[in-house]
Amino acid sequence: MTELIYNVLTAIIVALIGVVVRQLIPFLKQKQVEASTQIRKTRWAWTADIIDAAVRAVEQTADAELHGDDKKDLAKKYIKILLQESKLPVDDYQIDKMIEAAVQAMNSE
């Protein structure tokens, strides 16, 4: 009799573990996707902050002889160094667009 009770309890516990695992795996996968999205957003925010700071720094410290593309090239040089140190992968096209957005935001202030 005790062996029967033991077997029934074991079967119930195994079934409960199966149900919990079945519910837990999709939940964990969803949390992984959410975490990856948040990390991507954070990386882009850091990149935008670095680019914004570099554009403002170049604008404030550049010689009077530097204009337009020369300032952009100087900012791009600083940005590439900072992004390499931060291990943030961004290509030249993205850097150009983000520099333009930072300049536009700075000019609109």
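## Lys41

In this predicted model, Lys41 is exposed, because its relative accessible area of 54% is over the 50% cut-off. The residue belongs to helix H1. Pro89 stands 48 residues from Lys41 along the chain, and the C-alpha atoms of the two are separated by 13 Å.

## Helix H1

Helix H1 covers residues 2–61, which is 60 residues. From its first C-alpha to its last, H1 reaches 85 Å, close to the 88 Å expected at 1.5 Å a residue. The buried residues of H1 are Thr47, Ile50, Ile51, Ala54, Val55 and Val58. An α-helix has 3.6 residues a turn, so residues three or four places apart point the same way. The cover over the buried residues of H1 includes helix H2, residues 68–86, and helix H3, residues 92–108.

Thr47 is one of the buried positions in H1. Its relative accessible area is 2%, which is under the 20% cut-off, and therefore Thr47 counts as buried. Setting aside residues up to four places away in sequence, Thr47 touches Leu83, Leu88, Val90 and Met98. Of these contacts, Leu83 falls within the range of H2, and Met98 is listed among the buried residues of H3.

## Helix H3

Helix H3 has 17 residues. Its reach from first C-alpha to last is 24 Å, close to the 24 Å expected at 1.5 Å a residue. Buried in H3 are Ile95, Asp96, Met98, Ile99, Ala102 and Met106. These buried residues pack against H1 and H2.

Ala102 is located in H3. With a relative accessible area of 8%, under the 20% cut-off, Ala102 is therefore buried. Apart from its neighbours within four places in sequence, Ala102 is in contact with Ile51, Asp52 and Val55. Two of these partners, Ile51 and Val55, are themselves buried in H1. Asp49 lies 53 residues from Ala102 in sequence, while the C-alpha atoms of Ala102 and Asp49 are 9.4 Å apart in space.

## Overall fold and dimensions

The protein has 3 helices and 0 strands, and its elements run α-α-α from the N terminus on. The C-alpha atoms fill a box of roughly 95 × 25 × 20 Å along the principal axes. The radius of gyration is 27 Å, whereas a compact globule of 109 residues would have a value near 13 Å.

Among contacts with a separation of 6 or more, 61% are accounted for by residues 24 or more positions apart. The contacts of Ala102 with Ile51, Asp52 and Val55 link H3 to a helix that spans residues 2–61.

## Surface and charge

Of the 109 residues in the protein, 17% count as buried. The accessible surface comes to about 8,600 Å², and carbon and sulfur atoms hold 60% of that area.

The protein carries 14 positive and 16 negative side chains. The centres of the positive and negative sets lie 10 Å apart.

Technical notes:
Residues are numbered from 1 along each chain as its sequence is written. This is a predicted model: local features need pLDDT of at least 70, side-chain atom pairs count only at pLDDT 80 or more; totals for chains, interfaces and linings use all residues. Side-chain values use heavy atoms; hydrogens and water are left out. Helices (H or I, at least four residues) and strands (E, at least two) are DSSP runs, numbered from the N terminus. The radius of gyration is taken over C-alpha atoms; the globule rule is 2.2 Å times the number of residues to the power 0.38. Buried means under 20% relative accessible area, exposed over 50%, partly exposed in between (1.4 Å probe, protein chains only). Contact means heavy atoms within 4.5 Å. Accessible areas come from the Shrake-Rupley method with a 1.4 Å probe; for residues, only the protein chains shown count as cover. Lys and Arg count as positive and Asp and Glu as negative; His and the chain ends are not counted. The place of a charge is taken as NZ of Lys, CZ of Arg, CG of Asp or CD of Glu. The expected span of a helix is 1.5 Å times one less than its number of residues.
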